[in-house]
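Reader: I have a chain in front of me and a set of terms I do not trust yet. Please show me how each term is earned.

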Amino acid sequence: MSATAPLAIETHALRRVYRAKPNDVVALDGIDLEVAPGEFFGLLGPNGAGKTTLIKILTTLLLPTTGEARIFGFDVVHQTKQIRRIMNMVAGGEQSGYGILEVREQLWMFSQFYGLGSRDGWRRVDELIDAVGLDEQRRQKVSTLSTGQRQKMNFARGLLNDPWIFFLDEPTLGLDVSAARAVRELILSWKAAVPGRTVLLTSHYMAEVDELCERIAIVDHGRVLAIGSPAELKHRVQRESIFRLELDRLDGGTASLARLPGVVAASAAASDEGNGQGDRQSVSVNLVLEDDAALGGVVGALGGLGAQILALRKSEPTLEDVFVELVGRGFDDAPDASRDETPPQGRAANPQPRREDEPAEEELV
Ligand SMILES: Nc1ncnc2c1ncn2[C@@H]1O[C@H](COP(=O)(O)OP(=O)(O)O)[C@@H](O)[C@H]1O
Ligand SMILES: [Mg+2]
């Protein structure tokens, strides 16, 4: 490597527009990012923020509309072969593979796509099966795996070509708590085993990003709103007072609270199932206040709205508070929340993928 070692990820004014009816969608609206080799970098943002679009461009599955992106110095538009050799990707909810194959056969098949020899392939597959803890499922049909086991298998698939940089797009999506923890541990131990390994992880789970990532970019509507370590980002809201309230109801949502003096931001989420009718439903409210003194006004206003306070506590800031402060709403209030629930369909699994949709020369801006 030269004296000026390239960045693991570098993007300049990266923009991506999807042609759609009735209106085109600006999924990425000028992304500038620099990730150093060896970093564990997180992209945190609600559904529809543009995380998957960015990952698809960086993994050469999708062309940018305008702007530039490089992976270890290689251009994502013109040097796809070089990039595909040194990276891999695993997405949450990935359905990659063939249900009728055994786990071992399935991974071996992928090892052949990656160009490992037949014997090397079997050796590597068996190593990885052990590494991800699928020893007992080695001869099991892929279709019979649990969601967590399937994701471990996908993870093993992603390691077959021994990537320098690993893209993980919501890798714990849909997993139960213990399976999600197992996958996070696998990620961390892979990363720690060799210095210089780089991870870009996307998630809309704040706690996950907080736990795993050294640096985070908070993204929304295709833009980077803030970049820093979790501690740096939380420090931004440290000067404010944060309270969590549990209410029996909140008619009219948080808008009425957000207008009160001293309230910087308010977000709410239903605590129980059910919609409106039941009297057992409660509402969790997250309040960012200029200072503690503003709380009195909020409590008074809640009384006026007929809401009863079931619990109230002051708390340390979380990444959600940072997000709320940046955009004035919570993740769960995201307007686009239900727009794109379809998980990626394992395209990344193919080492010779075709890029999606539009040809390179088509500029949509
Ligand atoms: N193939 C597509 N055609 C049109 N719009 C799309 C397409 N894929 C994604 N989008 C839109 O682009 C935006 C960003 O989506 P995405 O990158 O999937 O976000 P995230 O991964 O953060 O949820 C969303 O508004 C989504 O609806
Ligand atoms: Mg996504």
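**Terms and their grounds**

Author: Ile227 is found in strand S10. The model is a predicted one, and the values below are computed from it.

Reader: What makes Ile227 partly exposed?

Author: The class in between runs from the buried limit of 20% to the exposed limit of 50%. Ile227 has a relative accessible area of 38%, so it is called partly exposed.

Reader: Which distance separates Ile227 and Ala217 in space?

Author: Their C-alpha atoms are 4.4 Å apart, although the two residues are 10 residues apart in sequence.

Reader: How do you know that S9 and S10 pair?

Author: Pairing requires at least two bridges between the strands. S9 and S10 are joined by 5 bridges and run antiparallel, so the requirement is met. As one of the partners, Ile218 is bridged to Ala226 in S10.

Reader: What lies between S9 and S10 in the hairpin?

Author: There are 2 residues between them, and His221 in the turn has a positive phi of about 50°.

Reader: Why is a positive phi at His221 worth a remark?

Author: Most residues other than glycine have a negative phi. His221 is a residue other than glycine, and its phi is positive. At 40% relative accessibility, this residue is partly exposed.

Reader: Where else does a residue that is not a glycine have a positive phi?

Author: Ala13 has one, of about 45°. Ala13 belongs to strand S1. With a relative accessible area of 44%, Ala13 is partly exposed.

Reader: What makes S1 and S2 a pair?

Author: Strand S1 (residues 9-18) and strand S2 (residues 25-35) share 8 bridges in the antiparallel sense, where at least two are needed. Leu14, for example, has Ile31 in S2 as its bridge partner. A hairpin of 6 residues joins S1 to S2.

Reader: Why is the peptide bond between Lys21 and Pro22 singled out?

Author: Most peptide bonds are trans. The bond joining Lys21 and Pro22 is cis, with omega about 0°. Pro22 sits in the loop between S1 and S2.

Reader: What makes the contact of Arg215 and Glu39 a salt bridge?

Author: The limit is 4 Å between a side-chain nitrogen of Lys or Arg and a carboxyl oxygen of Asp or Glu. The closest N and O atoms of Arg215 and Glu39 are 2.6 Å apart, so the pair falls within the limit. The pair links distant parts of the chain, 176 residues apart: Arg215 is in strand S9, and Glu39 is in the loop between S2 and strand S3 (40-44).

Reader: Is Glu39 buried or exposed?

Author: Buried means under 20%. Glu39 has 13% relative accessibility, so it counts as buried. Its partner Arg215, at 23%, is partly exposed.

Reader: How do you know that Glu211 and Arg184 also form a salt bridge?

Author: Their closest N and O atoms are 3.4 Å apart, which is again within 4 Å. Glu211 lies in helix H7 (residues 206-212) and Arg184 in helix H6, 27 residues apart. Arg184 is buried, with a relative accessible area of 15%.

Reader: What does the salt bridge of Asp292 and Lys314 tie together?

Author: The closest N and O atoms of this pair are 3.1 Å apart. Asp292 lies in the loop between strand S13 (283-289) and H10, and Lys314 in strand S14 (residues 309-314), so the pair ties together parts that are 22 residues apart in sequence. Asp292, at 40%, is partly exposed, and so is Lys314, at 48%.

Reader: How many salt bridges does the structure hold?

Author: It holds 19 salt bridges. Arg104, Asp126, Asp130, Asp135 and Arg138 are linked in a network of them.

Reader: Why is the largest nonpolar core said to lie between two domains?

Author: The core has 49 residues, and Leu44, Phe155 and Leu319 are among those with the most contacts inside it. Its largest share, 6 residues, comes from helix H6 (residues 177-193). Domain 1 (9-234) and domain 2 (239-316) both give residues to this core, so it lies between them.

Definitions and conventions:
Residues numbered from 1 in each chain as written. Chains lettered and ligands numbered in written order. Predicted model: local features only at pLDDT ≥ 70, side-chain atom pairs only at ≥ 80, totals over all residues. Heavy atoms only, no water. Helix = DSSP H or I, 4+ residues; strand = E, 2+ residues; numbered from the N terminus. Core = buried A, V, L, I, M, F, W, Y, C linked by side-chain atoms within 4.5 Å. Buried < 20%, exposed > 50% of the residue type's maximum accessible area, 1.4 Å probe, protein only. Domains from an automatic or database assignment.
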